[in-house]
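Trainee: I would like to go through the cysteine pairs and ask for the reasoning behind each label.

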Amino acid sequence: MIRRPLRIMTALVGAAAAVTAFATPASAAAPALNEAAGTAALAAAREHLGGSLGAAFAGSWLDTTTGALVVGTTDAGGSARIRAAGAVPKVMRHSVAELKRVQSILDGRTGDLPASVAGWYVDMPANEVVVNVVGGDPAGRAWAAAAGVPVRVDQVKSAPRPLWAVIGGQGLYFNGGACSVGFNAYDDDDHYVITAGHCTELGGTVRGVGGTIGNVARSSFPGNDYGTVKVTHSDVSTPPRVDRYGDGSDVRIEGADVVGVGGRICRSGITTHWQCGRVEALDQTVNYGNGNIVKGLTQTDACAEPGDSGGSFVSRPTSGSGTKLVQAQGMTSGGSGDCQDGGTTFFQPVKEVLNRYDLTLEKD
């Protein structure tokens, strides 16, 4: 999206209008250095030309229309050198070093920074330093002007915020207990985290590794063992991923096809992390004692321990440490034994909770 900036008119901004572009004639061949050349080739060219142009270097960028690499210079005499390297030259008023000095002055003024100032950066194609101010707030604009350096003020709609992801197998913290994230899902209006019902029956506000997620929305235990947490905080993202901890990069959820008896599965949780095994039985009724009987569980020989409850069970990914696509199976319910001597673990199939609450699984 192109924004119409609110400008603090200074010598730098006014000079931008005087910039002259040097481009190859329309009949010439397209520049050799363009987006199709690949990241490595473009990076090497930027480094080479930046060093070759020295103090005259005014930055580089890809033309969003043609894909060509454009290289700025404050010395028109360097244009031939840029063309010879396969890039498009553009003569600019200010060098990168000059713009970075302006940016560093702003970096040193954070002590009196208004909350409405969302940030600042060097706009290479415009040859300007930009200060982003939420809603054009007068206090933010005044802070930019008081820096005593030439800048452009752009109005933005909202302030940035840190983002963190709720990922399968990572911690899920209730008032009075800790469990693990199963999967992420959504309906027409909201996003949810799915975990074990004996965890969500604790109710209340639920936190994850990065802060508050939201409140328990629904819970079913015993009989079933699933529940959902409604995501209410805007800084929370819900990607279709499961943490493999030390066994490789996160796996990504592709679907929810069921692994049958004898099939390979893996599970993730905060206590014992990534553990694998095989499916031993489907649709099992389990008696957890004290009247807590749960039906429809899947039995496996993948070990688990307290705290792993609610964590993700998925189809076993192919070998290797790269990111893999897997099928969501269910959420850790309970079991016997441990991960030192081995044991039996049961999971609640995820399809049941998706159907019951009319949710759609987050998928890659």
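Mentor: What follows is a set of questions on the disulfides of this predicted model.

Trainee: What makes Cys 179 and Cys 199 a disulfide?
Mentor: A disulfide needs two cysteine sulfur atoms within 2.5 Å. The sulfur atoms of Cys 179 and Cys 199 are 2.0 Å apart, so the pair qualifies. Cys 179 lies in strand S10 and Cys 199 in helix H6, 20 residues apart.

Trainee: Why is the disulfide of Cys 179 and Cys 199 called left-handed?
Mentor: The torsion about its S-S bond is about -90 degrees, so the disulfide is left-handed.

Trainee: What handedness does the disulfide of Cys 266 and Cys 276 have?
Mentor: Its S-S torsion is about 100 degrees, so this disulfide is right-handed. The pair links strand S19, which holds Cys 266, with strand S20, which holds Cys 276.

Trainee: Why is Cys 266 called buried?
Mentor: Buried means under 20% relative accessible area. Cys 266 has 0%, so it counts as buried.

Trainee: Is Cys 276 buried, partly exposed or exposed?
Mentor: Partly exposed is the range between under 20% and over 50%. Cys 276 has a relative accessible area of 29%, so it is partly exposed.

Trainee: How do you know that Cys 303 and Cys 339 are joined?
Mentor: Their S to S distance is 2.0 Å, and the limit is 2.5 Å, so they count as a disulfide. At 9% relative accessibility Cys 303 counts as buried, while Cys 339, at 27%, counts as partly exposed.

Trainee: How many disulfides does this rule give?
Mentor: The count comes to three, in the pattern 1-2, 3-4, 5-6 when bonded cysteines are counted along the chain.

Conventions. Residues numbered from 1 in each chain as written. Predicted model: local features only at pLDDT ≥ 70, side-chain atom pairs only at ≥ 80, totals over all residues. Heavy atoms only, no water. Helix = DSSP H or I, 4+ residues; strand = E, 2+ residues; numbered from the N terminus. Buried < 20%, exposed > 50% of the residue type's maximum accessible area, 1.4 Å probe, protein only.
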